[in-house]
Amino acid sequence: MIRAHVTGTKMLVSWIALLVLTFISFGISRVGLTGGAELAAALTISIVKTFIVLFIFMHLIEQRFANRLIVIVTFLFIVLLVTLTAADPMTRKTYPKTPDPSARPID
Amino acid sequence: MPVRAVELAEQFETIEKQEHAARLAMWVFLGSETLLFAGLFALYAAYRVMYPADFHQALAHNDTVLGTVNTVVLITSSFTVALAVHYVREDKSRLAALLLGLSVAFGMTFLVVKFVEYADHIHHHALPAGMYTMANAPPAGAVMGQTLYWFMTALHGLHVVAGMIMLGVAAIGCARRRYGRHRFIIVENSGLYWHLVDIVWIFLWPLFYLVK
């Protein structure tokens, strides 16, 4: 059933890769990219790091597809949840876009 | 004293199927844990879109260097846990116990750094919900950002504590040679939980410390 074996060397390399990615992420945040680009870069690096942890540290690479399926389904649910929730305020036609906190409905 | 092999429960045909069931159940549990955090990440996304400038103000309280130190600590602890699982499979239980103990110490380091940060926030009145007070009343979005920061990091902190308990129990079991080549699923599942705690932090760190 085991397809690939996670060795100590692979773990060491993964750990170093995770640390390097952490410092790259830190470095990018210092460069001062504007808004969206900075967020996109940071999240992309986080996703790459997650893959390393999932496949090597959590041994997903040597497990049955059933276990991988759970990760895939979870990921799809998260994407659905986050995009739909964020899509509401992003596509609002009301004005102003940001609700006025002092505004109260008329009693 | 050799490690006792795992017993086969009557509902399973083989040890392999029994271990697969235990591992699959852990993955399902981790999936549900992830969805718990996903709800909060969704709120973060929605409120950040609504109040970009206010979020900037709320997150300015966070110390990027301390956050990065904690990221390195958690990633390293994940590495030591992965090594522990590797060695317990090779029947090197004492080495695994040592590595698990080291991971618990890393967890403790993480919590100490987090409490230093919390103490600083309390000192600056950067608190959640209505407790967030400054010279001028903070805007609604900043209060929301600060509330999400406290709630998400505190919930993550609770998971760190739970993970430390699991790793501690696994470490004691390894030290007493209760777990070894023929009995390691508990060590493996505790490790899986700890890696999830690490993954959640991998996302909390850029969202609360890096992207301002």
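The legends below describe close-up views of a predicted model with chains A and B.

Local features in this predicted model need pLDDT of at least 70, side-chain atom pairs count only at pLDDT 80 or more, and totals for chains, interfaces and linings use all residues. Residues are numbered from 1 along each chain as its sequence is written, chains are lettered from A and ligands numbered from 1 in the order in which they are written, and side-chain values use heavy atoms, with hydrogens and water left out.

**View 1. Chain B is built from six helices and zero strands.** Helices (H or I, at least four residues) and strands (E, at least two) are DSSP runs, numbered from the N terminus. The order of elements in chain B, from the N terminus on, is α-α-α-α-α-α. Along the principal axes, the C-alpha atoms of chain B fill a box of roughly 65 × 30 × 25 Å. Of its 212 residues, 56% count as buried; buried means under 20% relative accessible area, exposed over 50%, and partly exposed in between, with a 1.4 Å probe and protein chains only. Contact means heavy atoms within 4.5 Å. Among the contacts in chain B with a separation of 6 or more, 80% join residues 24 or more positions apart.

**View 2. Chain A has three helices and zero strands.** Along the sequence, its pattern is α-α-α. Chain A has 107 residues, of which 29% count as buried. For contacts in chain A with a separation of 6 or more, residues 24 or more positions apart account for 66%.

**View 3. Chains A and B meet through 50 residues of chain A and 47 residues of chain B.** The area buried between them is about 4200 Å², and carbon and sulfur atoms give 77% of it. Buried area is the accessible area (1.4 Å probe) that two parts lose on being put together, summed over both. B:Trp27, B:Met50 and B:Phe79 supply 16% of the area that chain B buries against chain A, more than any other three residues.

**View 4. A:Asn67 lies in helix α3 (residues 65-90) of chain A.** A:Asn67 is buried, with a relative accessible area of 1%. Apart from neighbours within four places in sequence, A:Asn67 is in contact with A:Leu60, and also with B:His20, B:Arg23, B:Leu24 and B:Trp27 of the other chain.

**View 5. Helix α6 of chain B covers residues 185-210.** The expected span of a helix is 1.5 Å times one less than its number of residues. For the 26 residues of α6(B) this gives 38 Å, and the end C-alpha atoms are 37 Å apart, which agrees. The helix bends by about 30 degrees at B:Leu204, and the proline B:Pro206 follows within four residues. The bend at a residue is the angle between axes fitted to the seven residues ending there and the seven starting there. Of the 26 residues of α6(B), 24 are buried.

**View 6. B:Tyr118 and B:Trp150 form one of the aromatic pairs of the structure, which holds 13 over all chains.** Rings of Phe, Tyr and Trp (its six-membered ring) pair if their centres lie within 6.5 Å; planes under 30 degrees apart count as stacked, over 60 as edge-to-face and the rest as tilted. The ring centres of B:Tyr118 and B:Trp150 are 4.4 Å apart and their planes are at 15 degrees, so the pair is stacked. B:Tyr118 belongs to helix α4 (residues 93-123) of chain B and B:Trp150 to helix α5 (residues 140-175), 32 residues apart. Both residues, B:Tyr118 and B:Trp150, are buried. Ring pairs link them into a cluster with B:Tyr44, B:Phe55, B:Phe115, B:Tyr149 and B:Phe208. B:Lys114 lies over the face of B:Tyr118, at 5.0 Å from the ring centre; a charge sits over a ring if NZ of Lys or CZ of Arg is within 6 Å of the ring centre and within 35 degrees of the ring normal.

**View 7. B:Asp91 and B:Arg177 each have a positive phi although neither is a glycine.** Most residues other than glycine have a negative phi. At B:Asp91, in the loop between α3 (64-89) and α4 of chain B, phi is about 70 degrees. At B:Arg177, in the loop between α5 and α6 of chain B, phi is about 60 degrees. B:Asp91 is partly exposed, with a relative accessible area of 26%, whereas B:Arg177 is buried, at 19%.
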